[in-house]
Amino acid sequence: MDDRTPDAPQVKLSCREVWKVYRDEAAPYFRQEVSTGDPGALAARMRGDGAIPAVVDVSFDVHVGEIFVIMGLSGSGKSTVVRCLSRLVEPSHGEVRLDREDLLRKSDRELIEIRRHKMGMVFQSFGLMPHLNVFDNVALPLTLQGRPASERNERVSRVIRLVGLEGRESAFPRQLSGGQQQRVGIARSLAVEPELWFLDEPFSALDPLIRRQMQDEFLRIQHRLKKSIVFITHDFLEALRIADRMMIMRDGRAVQVGAPVDLVLNPADDYVAEFTEDVPMVRVLKASDVLDPSQAVEAGMPREDADLSVENLLPRLARHRGGIAMMRGGESIGVVTAASVIAALAQEKQHRAGTDAPPSVRRGDSRPG
Amino acid sequence: MRRRLDWLQAGVVVAMLVLVLAPGAASWLIAYPAEWVVPITLWLNVFMSWCVDLAGPACRALSAALGVPMTAVRELLNWLPWSVTLTLATFVAWAASGWRLAAFTFFAILYMVVIGYWSESMNSLALVAISVPAAVGIGFALGALAFVSRRAERIITPTLDLLQTVPAFAYLLPILLLFGFGPVVGMIASVLYAFPPTVRNTRLGLSRVPPEVVEAGLMAGATRNQLFWRVRTPNALRQILLGVNQTTMAAFSMVIIASIIGGTADIGWEVLLTMRKALFGESLLAGIVIALMAMVMDRITAAAASAEPAPPGGNGRLRARHRNALIAVGLALGVALLASLLPFLEEYPEAWEVYPAQYLNDFITWIVVEHAKTINLIKRCAFFFVMLPVKTGLDQTVTPFTWGFEFTAPLRAGYALLAAALVAWVAIRRGIGSASLIAFVAIMVYFGITRLPWPAMLAMTVLLGWRLGGPRLALGTAAAFGFLIVAGVWPQTLLSFYLCGLAVLLSFTVGTALGILASELDGVSAFVRPINDTLQTMPLFVILIPFVMIFKIGEFTALLAIMAYAVVPAIRYSEHALRSVPADVVEAATCFGCTRGQLLWRVKLPLAMPVIMLGLNQTIMFAIAMLVIAALVGTNGLGQQVYIGLGDGDFGVGMVAGIGMAFIAMIADRMTQGLSRAREERFGLRAEV
Ligand SMILES: Nc1ncnc2c1ncn2[C@@H]1O[C@H](COP(=O)(O)OP(=O)(O)O)[C@@H](O)[C@H]1O
Ligand SMILES: [Mg+2]
C-alpha cells in the first residue's frame, strides 16, 4: 500500500505500530523493545505486569472515500483504536497521520481546529446532550465554533433533512426512539462537514429491524457524501454489507486486514475463520468470482454488473439458464451460469469443511503488513 | 484473624466482669481519674485567643462589610408590601411546580401575615436569601475544583466529612468569637454550615456525566472552557440543583440555630425566647412559621431540580422564561398599585391579627391536667423500665419504689444464670464472637452503661471497629475515644451514648417495622410518606416543641424528639430496600410456592439487608444531629457541653464536645457502612440509594 505509486488509492489517514496501554502507562516498554521484539510476547508480558494493553501494534490505512470497518469481539480494543485516531485517548506509542501530517504532534489548539473542521464521530450510546433539543444538539459543534446564526441554521437544517428528522427539531432526545436519537448523533457529526468520519458501533444499540434500516440510510448518505470512514462493529454481517475493506481485531491486535471476501475465503487463522463461518457464501461471492471458464460470451446474452453479489444474481440466473454476461467498465469479462455458481459454492463448502481441495478463488495474501 | 478477634473480645468481657464484680477494684480502672485529664480545653482556649488576636480585626471588618448587603436585603423585604411578596412567592411556586404548591405557598405565607410574624419572617428570609447564594457559589467552586484536581479532592472530601458531622451548635462558637454577635454572624454560620452539600453534589454530578457525552463535546471541538460550561455543567445540572436544595435546607436550619447568638427580631429568636419562658403555645405558633417556610423552600427548590427541560417549543424556551419574568413583574406592579389604594394590602392591620397562643396554652394545660395520670404513667414506665436500666443498670434501678419489688440475692443469681445460659447457647450456635457481645450487653444492663470501666469500653469499641472496618477503623476508633477520655469528657460521652444509643435502637426497630409494613401495604405507605416528608424538612428544634409541651423538660422528652427525627430514615430505607428487590427474584420465589410471609422473611429481607443497614447508618447520623438540639430540653451529655460552652463563650469546652461528637458520628458512620458492605459482599449485591 504505497501511496506514492501513481494509481494507488490516496491515503486519508494512516496509523503505524499504534499501541495503547492502560494502567501503568509505563514507558520502559517502549524505549527499545517495541521495534525489535515480538509484539505478542511484549503484550503478554505487559498483562503479566498488571497493565492493560488495549491496542497492540496496530497499523492500517484508510483511503479517501472508502468505508474501513474495524471488527472484533467486545473488549478487543476497537473503541480504543478509533479514539487513538481522534486523540480522544493519547496513544502510548506509534504514529498517526492525517493527510500526511503527524496528528500526535498537534498542539491542543490545532487539535481543536482539526476536530472542528475535519472530523466527525458517532457514538454507540449516542452521546447526545439531554438538555438540548434536536436542533441545538445538531448545532452544538457550530455553536462552539461561534458561527453566525444564519449559516448555522442553514447547515443544521440541511443535515437534519439529510437524516430525515425534519419536523422533530424541537424535540428533546428523551422523547425520541433509539433510531431517531442515533440520527441526531449522525446529523451532529455531519454538521461540520467532516472529511473523516468515525462511527463507533453506531447501530449496535438498536433493534435488528431498525439497524438494517439505518444501515441502508447510512449507505445512502455515504453514497452522496463520499466521506472517508472508519466504522466499528462487532457484527460481521453488518461489516459485510458496508465494508470496502475491513480489519479484524483480537486482544488488541489486528489479526487480518482485507476486503470482506478475502477474510471469508482466506481467513488468516481459526479466529477469523470462526467469525466468518456462518456467513452465507452467496452474499460474499461476487459474480466475478464465479465465472464459468468453459463458456464464451454470446451476443444476446443478458448483461449484469460483475460486482453484483451472487445472492442478487440468483433470481436472474433462474430465468436465464444459458448464462449471463458479466460486465466491468463497459467490457464483458466472462459468463456466469447456474452450473458455475453451484460448482463454486460446493468447492467453498468443501474448503471450509477442512478438506484439502483448493478453494475456487484465491486472492493475494491479505495479512496486515 | 477472625478467631483471634473473637477470643480477644471474650477476654475483654471476662476482664470487665472481674473488674466490676471485684469489690474495691482499682477505681482508676472504672472512672478515668481527674488528675490524668489533659488540659486540651485550656490549650484550645489559648489557641483561640491567639486566633482572635490575629484574625479578629479582619473578621470584624468582613462582618461589617457583609452587613451592607444583608441590611439592604432585610430592608427591601420589609419594605415590600406583604401582598406583593405573597403574590410573587405564589407565582414562583406555580411556575416551579404547579397550582398545588402555589396554593400551599399562598396559605403558608398568609399564615405568617395573619399570625403577626411578618417582619420576623422577612428578617429570617433575608438571612437565607443572602446565605444560600453565597453557599451555592462557594460550594460550586469547590466542587468543580475537587472534580478537576485530585489533589484538591483529597483535601476537600475529608474536610467536608468533618464539617458535616460537627454539630450545628459547635459552628457557632469560633464564629461567635471571631465575628462577634449580630445577624451577619448568623449568615456566616449558615454559609459555612450549608455549603458542603453543593460541593458534594457538584463533584458527583460532574463526574457522572457519561463519557460518550464528554467525548462528543470534544469531537465537536470544544475548548476546555466550553467543555466545562457547555457540556459538563449542563449535564450535571440536575445533581447540582439537588445539592442546592440540600444547601437551602441546611442554611435554613442554621439560620434558626444561629439566632441563639445573633438573634434580632427574627423567627428563630422568637421560638427560642418563648421556649425559654415556657410559653409553648407561642413557640409552637412561631415554630409553625419556620416549618412552613422550610417546606415551601424545599418544595420549590426540589421542583426546580427535577424540572424537565421545557416541553417542545424548542427555541421558544428562552422566550418562555422571559415571559414568566414579565408576568411576575406585571403581577407585582399590579398588586403594588392595588396596595397603594388599599392600605391593608400594604401593611396588615394589627387589629386583624389572629394570635391563638392563649387558647393553645389553655388547651395544652387542659390536656396535661386531664391526662396527667396517663402522661405520668408513660413517663415512669419509660424511665424505670427502659432508660434507667441502660443508664445505671438493673442493679440500682430495681427497687420496691420503681419496680414494685426488691432485687434480692436469688433474683440477682437468677439473672446471672439466665444470662450465662443465653451466652452459652449463643456460643454453641454462633460462636465466641457473638456470645461475648451478648455477655457484654448482659453485663451492661446489670451495671448500667455509665458504670462500666472505661478501658473495657474502649477495648470493646476498638475491637468492634476492627471487625467492621479492619485495622484502620480500629485505629481511628482508638484515637477518637482516646481523645474523649483524655480530654476528660468521658462521663458526658457515656451519657450521650446512652441516650443516642437507646434512641437509635428504638427508632430503628420501630422504623424498620413501619418500613416493612409500608412496603407490603400501599395504604400505609401513602399514609407514612407525607409525615416523613414533613419531619425531614422540619428544622430540628421545631420538632422539640410539641414534646416539650406535653412531657416538659427532661431526658424522656429528648429521647422522644430524637426518635421522632431518627425514625424517618429507618422507615424510608427499609421501604425502599424492600420495594426495590428485583422483580424477577420475587417472581421466581412466588413460582416455587413461597407464601407471602416466606417471601418477606426468606427472600426480600435478606436481599434488602444492605440497604436497610444504610438506613441504620442514616438513623444514627440523624440521632446524633438531633442529640445536640435536644440538649436544649435538658440532657446531660456532650450536647449540653456544647451548649454550655456557647453560653459561657468558652471555646475549649464547646469545641472539645463538638469535635468529640463529630468523631463519634464518623466512627459510627464507618462502622455501619462496614456492616452494610459486609452484607453486600456476602450476596454480591450493590446497595444504592
Ligand atoms: N479507560 C480505561 N482504563 C482501563 N482499561 C480500559 C479503559 N478503556 C478500555 N479499557 C480496556 O481496554 C480493552 C479494550 O476496550 P475497548 O477498546 O473499549 O474494546 P471494544 O470497543 O472493542 O469493546 C478492554 O479490555 C477494556 O477493559
Ligand atoms: Mg467499544
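**Entry 1: the ligand pocket**

I started at ligand 1 and found a polar side-chain atom of Thr80(A) sitting 2.4 Å from one of the ligand's oxygen atoms. Note to self: this is a predicted model. I then looked at how much of the ligand gets covered: on its own, ligand 1 has 560 Å² of accessible area, and the protein covers 59% of that.

Next I checked for other polar partners. Ser79(A) also brings a polar side-chain atom to an oxygen of ligand 1, at 2.6 Å. With Gly75(A) I had to look at the backbone instead: one of its N or O atoms is 2.6 Å from a ligand oxygen.

Who else is around ligand 1? I listed the shell: Tyr22(A), Ile52(A), Ala54(A), Leu73(A), Ser74(A), Gly75(A), Ser76(A), Gly77(A), Lys78(A), Ser79(A) and Thr80(A). Sorted by type, I get 6 polar residues, 4 nonpolar and 1 charged.

Which element gives the largest share of that shell? H4(A) does, with 3 residues. I noted that helix H4 covers 78–85 of chain A, and that strand S2 (52–63) joins it in supplying at least two shell residues.

**Entry 2: a serine on S2**

While on strand S2 of chain A, I stopped at Ser59(A), which lies in that strand. What does its side chain reach? I followed it to the backbone nitrogen of Glu17(A), 2.8 Å away. Leaving out residues up to four places away in sequence, I found Ser59(A) touching Cys15(A), Arg16(A) and Glu17(A).

**Entry 3: domains of chain A**

I zoomed out to chain A and its domains. Domain 1 comes in two stretches, 11–118 and 194–276, while domain 2 runs over 283–352. Where the two meet, I counted 6 residues from domain 1 of chain A and 7 from domain 2 of chain A. Their C-alpha centres are 34 Å apart. Between them, these two domains of chain A bury about 570 Å², and 62% of that is on carbon and sulfur atoms.

**Entry 4: chain A against chain B**

Now the contact between the chains. How much area do chain A and chain B bury between them? I wrote down about 2300 Å², with 59% of it on carbon and sulfur atoms. On chain A's side, three residues stood out: Arg115(A), His131(A) and Leu144(A) supply 24% of the area chain A buries against chain B, more than any other three residues. In residue numbers, the contact takes 29 from chain A and 24 from chain B.

**Entry 5: domains of chain B**

Last stop, chain B. I found it divided into domain 1 (38–79 + 117–293), domain 2 (82–115 + 322–370) and domain 3 (486–683). How far apart are the C-alpha centres of domain 2 and domain 3 of chain B? I got 35 Å for that pair.

Conventions:
Residues numbered from 1 in each chain as written. Chains lettered and ligands numbered in written order. Predicted model: local features only at pLDDT ≥ 70, side-chain atom pairs only at ≥ 80, totals over all residues. Heavy atoms only, no water. Near = heavy atom within 4 Å. Polar contact = N/O pair within 3.5 Å; in protein donor to acceptor, adjacent residues only side chain to side chain. Areas by Shrake-Rupley, 256 points an atom, 1.4 Å probe, with all protein chains shown as cover. Helix = DSSP H or I, 4+ residues; strand = E, 2+ residues; numbered from the N terminus. Nonpolar A, V, L, I, M, F, W, Y, C, P; charged D, E, K, R; others polar. Contact = heavy atoms within 4.5 Å. Domains from an automatic or database assignment. Buried area = accessible area lost by both parts, 1.4 Å probe.
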